[in-house]
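Colleague: I should be grateful for a close look at a single part of this model, namely one strand and the sheet around it. Please describe how that part is placed and what surrounds it.

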Amino acid sequence: MNKSVFLLLCIVMYLSIIPVSAQKFVPNYDESKIPAYTLPDPLIFENGSKVRTEKEWEKRREEILRIFESEVYGISPAWKGKIIPALLSSEANALDGTAVRREIRLTLKNGSKELPLVMLLYLPKTSERSPVFLGYNFNGNHTVTDEPGISVTGSWIRNNVSTGAAGNRASEAGRGKEASRWQVKEIISRGYGLATIYYGDADPDFDDGFKNGVHGLYDQQPDDSSWGTIAAWAWGLSRAMDYLETVAEVDPGRVIVMGHSRLGKTALWAGATDKRFAVVISNNSGCGGAALSKRVYGETVGSINESFPHWFCENFNKYNLKEELLPVDQHQLLALIAPRPVYVASAEEDQWADPKGEFLSCVKASPVYVLLGKKGFPDTGMPPVNTPVVGSIGYHIRTGGHDVTLYDWKQYLDFADLHLKRK
Ligand code: GTR
């Protein structure tokens with residue numbers, strides 16, 4: 001064997017021992033290496049004709065929604081079941097007497113199948129019906145504040161040293177560990193309520209072949225466009241909304257759906273599929289959330305499908321390493337929310353989530369807001385850090401990493417005040 005054949009053989013052998021994933025999905029963080037791409041125009045129908053009126057937009061909206069369902073998140077079933085609420089606890093003087101706190105078990109009942117979700121609800125003390133933020137938490141309701149009365153929730157939980165979960169069980173050790181991400185006192189002091197549910201109650205975050213969580217409420221043979229876990233979580237938020245509509249102290253016209261990271265992707269999909277959410281907030285949602293997929297920057301379609309095969313529908317795999325073939329991109333997800341206000345937040349150190357791709361989504365969703373009579377989002381390039389751009393679409397990039405901080409909450413509260421506060 002001559003020397004060069006031997007060398008070639010060595011290279012082939014070396015490549016065969018690197019896992020396929022490492023060969024395929026190397027993240028790009030270099031703007032100059034972004035492929036040339038064309039974004040689908042939200043205001044042009046699939047047949048090429050232009051959307052000119054609000055009425056035509058409604059048709060186009062359906063068209064885009066159907067593509068996101070069949071190619072990205074999967075189709076969620078219609079809900080024809082019952083929700084049976086049961087009050088588990090009630091505290092009239094929570095948070096130093098400033099709030100009312102309740103825990104409510106919501107049993108979703110579909111024929112003979114049932115699933116319990118436990119909602120933690122904080123409401124400000126006021127005689128008016130309150131606007132409420134609704135969002136899932138990552139580690140159990142008891143991690144959201146350090147108040148001792150909240151029961152430890154978490155039917156299946158990710159093992160997580162920082163929140164004291166072990167053996168996939170939430171524990172007392174996690175109490176208050178996520179409080180900085182929720183800022184309940186600030187939310188209450190600004191006149192808003194907070195409703196939160198542990199996300200794994202709605203669907204445990206692992207690939208189980210569509211059996212557990214809300215998937216289990218249906219007898220379903222999953223196919224390539226069946227609802228993935230993000231769609232299942234979003235569907236669960238709509239069930240939470242069904243319940244909030246029945247709570248006397250809650251203003252159902254002012255429910256703000258909010259989520260961080262994978263739950264930010266979830267909040268956006270919930271806002272796109274359920275028009276009852278008055279405002280939608282995406283915190284560091286990145287790939288499959290607010291970031292444009294066709295930029296192929298940071299986390300990509302292929303890498304997210306490989307790491308989290310249960311999040312999206314099977315069809316989404318068609319676009320692994322082939323983002324150019326995607327018939328939609330994430331600016332259209334924001335456009336589906338129009339004319340309702342949507343806020344997208346990025347973090348400077350969270351390049352994995354592609355802050356610029358999140359910003360550009362706002363820019364590219366803007367024409368739909370303009371068509372619907374709202375002020376557009378200015379295309380003036382990335383704003384400086386900690387300098388929100390606010391209209392019907394809001395955006396900021398803050399200093400720091402992948403997280404939800406008091407700074408983020410202050411912007412969300414200001415945004416909610418701007419759009420929902422009763423004058
Ligand atoms: C990461 C994932 C992101 C984001 C994040 C999270 O591992 O790659 O898409 O969703 O998890 O949810 O914390």
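Modeller: The account below begins with strand β3 and moves outward to the sheet, its helices and some salt bridges. Please bear in mind that the model is predicted.

Strand β3 covers residues 113-124, and 9 of its 12 residues are buried, so the strand is largely enclosed by the rest of the structure. Buried here means a relative accessible area under 20%.

β3 has a partner on each side that can be described in turn. Strand β2 (residues 99-110) runs antiparallel to β3 and is joined to it by 12 bridges. Within this pairing, R101 has Y122 of β3 as its bridge partner. The two strands form a hairpin with 2 residues between them, and G111 in the turn has a positive phi of about 60°. Strand β5 (residues 193-198) also pairs with β3 in the antiparallel sense, over 4 bridges. In this case L120 stands opposite T196 in β5.

These strands belong to an open sheet of 10 strands with mixed pairing, in the order β1-β2-β3-β5-β4-β6-β7-β8-β10-β9. Its edge strands are β1 (82-93) and β9 (389-390), each of which pairs on one side only. Elsewhere in the sheet, β4 (residues 130-137) and β6 (residues 250-260) pair in the parallel sense over 4 bridges, and L134 has V257 in β6 as its bridge partner.

Helices accompany the sheet. Helix α11 (residues 355-371) packs on it, touching β8 (342-347) and β10 (393-398), and its direction makes about 170° with that of β10. Helix α12 (residues 406-420) lies across β4, β6, β7 (279-283), β8, β9 and β10, running at about 165° to β10.

Helix α11 also leads to a salt bridge. The side chains of K356 and E31 meet at 3.7 Å, N to O. This pair links distant parts of the chain, with K356 in helix α11 and E31 in the loop between α2 (20-24) and α3 (54-73), 325 residues apart. K356 counts as partly exposed at 33% relative accessibility, and E31 counts as partly exposed at 37%.

A further salt bridge joins R276 to E245, with the closest N and O atoms 3.1 Å apart. R276 lies in the loop between α8 (262-273) and β7, whereas E245 lies in the loop between α7 (229-244) and β6. Salt bridges that share partners join R239, D242, E245, D274 and R276 into one network.

Conventions:
Residues numbered from 1 in each chain as written. Predicted model: local features only at pLDDT ≥ 70, side-chain atom pairs only at ≥ 80, totals over all residues. Heavy atoms only, no water. Buried < 20%, exposed > 50% of the residue type's maximum accessible area, 1.4 Å probe, protein only. Pairing = 2+ DSSP bridges. Contact = heavy atoms within 4.5 Å. Axes fitted to C-alpha atoms, helices over the stretch in contact; angles between N-to-C directions. Salt bridge = Lys/Arg side-chain N within 4 Å of Asp/Glu carboxyl O.
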